[in-house]
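You asked for comments on this structure before you take it further. My notes follow as numbered points.

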Amino acid sequence: MKILVIGGGGREHALAWKLKQSPEVDQMLCAPGNAGTAAIGENVPIKPNDLHALVRFARENRVDLTVVGPDDALAAGVVDLFRAQKLRIFGPIKSAARIESSKIFAKELMRAQKIPTAEANTFSDRNEAVRYCEQLKFPVVIKADGLALGKGVIIAPDAATARSTIDAMMNEGRFGDAGRCIVIEEFLRGSECSVHALVDGKNYRLLESARDHKRVFDGDLGPNTGGMGAFSPANNWNAELEDHLGKKIMRPLLRGLLEQGITFRGLLYPGLIINAAGARVLEFNCRFGDPETQAILPRMKSDLLPLLEATTDGQIDNYTIEWDTRAAVTVVLASGGYPDKYETGKAISGLDEVEKFDDVHIFHAGTRRSNGGIVTSGGRVLAVTALGSTIEAARARVYEAVSYIRFENCHYRRDIALAAVTDKIDISH
Ligand code: AMP
């Protein structure tokens, strides 16, 4: 089979790497890909938002299955366009992708189906939003309705910050159209967990749990990033929560979507907050997480290809997924300055040494080939994953591997998965 992966980050390298192991796959294409995907297949110079060029390419090159990485291509309707041309593609259609691309849509669905989530109100009028904030207990969470590159969520500690955030979103257009309407919601306390599910419209299969690290610096300090690391399994997840997830979140959600005539087929992952009351939904995502995917897929023993095909065909109920019981820890190496301004084009060394390590995988994100070597080309440059018999063992191994990799102004967190080793997670808040 000929497979096309849309996207060019660490998540897409991990997907392409895993799919390439399938005995069914003889050709792997990635649009636009990076230096890592170039080593296992062929990169195609088409941007993920150039939907018509992607469709044309898949048709002309007889691609058998396309797998979509990024959320914005899904929100723009890439799956609908492929389907209209009878091309097979893994991911939700545009109306189903709204579960991520509109926080208001997601909130209304959760409210209608009584899915546990933060109490919230939605606003399209600035004055009403400000008036509402005046009677709230702080902190509150203010969210732009639409996609805002992961930056559209602000935790406001007081009324003045709330007012300036509302103005920035609704009056000054800081997130463009994404912030014209907003959600204001209660701040939830607890620990976070990501659970990925392959959803075929009616049924689903969970992947192993994971947790990510969003802040740029150790100790969860500094601004939010796309994600600086992850580990799997999550140390705050258990069978009881899995049961709760099925009964209170996944089943009602799929029922609510079907009631609206929407069939969700693809990867759905709720971001959850866990405390003594159980799990509540912070958000729904409609695609694989980055960097959670880089921690989860090295633990998957099953062939990923038939699972994606079964999801697309509405047949996931016939499958079980086999897992490696070992833990995985993923550390992201970023360019100096990221998530703000950073330079690119820095030569990367040490990759060959790390390739020789057992149970360590290097997933490329912002990299490209240049004059026979590999140089940086983005904010998040590499995601390095190690497996180990425990989280502690995986942590030791990943940091040993990372110590070999060098590029100018490289920075990474030293405390990925540390809390999972040193803390007993307190879910009694
Ligand atoms: P979202 O894009 O909605 O997941 O929000 C991004 C991040 O903001 C989450 O991963 C949480 O860390 C935080 N967050 C979002 N909503 C809330 C909430 N209601 N209470 C506390 N933290 C939140």
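**Notes on the model**

1. R380 sits in strand β21, which covers residues 380-388. The model is a predicted one. A polar atom of the R380 side chain is 3.0 Å from the backbone oxygen of G227. Leaving out residues up to four places away in sequence, R380 touches G226, G227, D290, P291, V332, L333, A334, Y338, A365 and G366.

2. Two of those contacts, D290 and P291, flank a cis bond. The peptide bond from D290 to P291 is cis, with omega near 20°. P291 belongs to the loop that runs between β16 and α11 (292-296). A second cis bond joins F138 to P139, where omega is near 0°. P139 is placed in the loop between α8 (126-134) and β7.

3. P291 also appears among the contacts of D212, together with G229, A230 and E292, when neighbours of D212 within four places in sequence are left aside. D212 is part of strand β13, residues 211-217. Is D212 buried or exposed? Its relative accessible area is 18%, and buried means under 20%, so D212 counts as buried. The side chains of D212 and K214 are joined by a polar contact of 2.5 Å.

4. Which residues surround the ligand? They are K103, A118, V141, K143, V153, E185, E186, F187, L188, E192, L282 and E283. By class, this shell holds six nonpolar and six charged residues, and no polar ones. Strands β7 (140-144), β9 (182-186) and β16 (278-285) each contribute at least two residues to the shell.

5. Three short distances to the ligand can be checked in the viewer. An N or O atom in the side chain of K143 is 3.0 Å from an oxygen atom of the ligand. For E283, an N or O atom of the side chain is 2.8 Å from a ligand oxygen. At L188 the backbone is involved: one of its N or O atoms lies 2.8 Å from a nitrogen atom of the ligand. The ligand taken alone exposes 470 Å², and the protein buries 86% of that.

6. The largest nonpolar core has 54 residues, and V78, I99 and W237 have the most contacts inside it. Helix α10 (residues 239-259) gives the largest share of this core, seven residues. A second core, separate from that one, has 34 residues, including M1, V5, M28 and A310.

7. What does W237 touch? Not counting residues up to four places away in sequence, its contacts are C193, V195, S209, E242, L245, L272 and I274.

8. Helix α3 spans residues 51-60, and its buried residues include L51, A53, L54, V55, F57 and A58. Among the elements that cover the buried residues of α3 are the strands β1 (2-7), β2 (27-32) and β4 (65-68). Helices α4 (71-75) and α5 (78-84) are also part of that cover. Just after α3, R62 has a positive phi of about 50°.

9. Two other residues that are not glycine deserve a look for their backbone angles. Phi of D359 is positive, near 60°. D359 lies in the loop between α13 (351-355) and β18 (360-364). Its relative accessibility is 35%, so D359 counts as partly exposed. Phi of N409 is also positive, near 65°. N409 lies in the loop between α14 (391-402) and α15 (418-422). N409 counts as partly exposed because its relative accessibility is 48%.

10. The last point concerns G261, in the loop between α10 and β15 (265-275). Why is G261 called exposed? Exposed means over 50% relative accessible area, and G261 is exposed because its value is 64%. G261 and G77 are 184 residues apart in sequence, and their C-alpha atoms are 17 Å apart in space.

How values were computed: Residues are numbered from 1 along each chain as its sequence is written. This is a predicted model: local features need pLDDT of at least 70, side-chain atom pairs count only at pLDDT 80 or more; totals for chains, interfaces and linings use all residues. Side-chain values use heavy atoms; hydrogens and water are left out. A nonpolar core is a set of buried Ala, Val, Leu, Ile, Met, Phe, Trp, Tyr and Cys residues joined through side-chain atoms within 4.5 Å. Buried means under 20% relative accessible area, exposed over 50%, partly exposed in between (1.4 Å probe, protein chains only). Helices (H or I, at least four residues) and strands (E, at least two) are DSSP runs, numbered from the N terminus. Contact means heavy atoms within 4.5 Å. A residue is near a molecule or strand if one of its heavy atoms lies within 4 Å of it. A polar contact is a pair of N or O atoms within 3.5 Å; within protein, one must be able to donate a hydrogen and the other to accept it, and residues adjacent in sequence count only if both atoms are side-chain atoms. Accessible areas come from the Shrake-Rupley method with a 1.4 Å probe; for residues, only the protein chains shown count as cover. Ala, Val, Leu, Ile, Met, Phe, Trp, Tyr, Cys and Pro count as nonpolar, Asp, Glu, Lys and Arg as charged, and the others, Gly among them, as polar.
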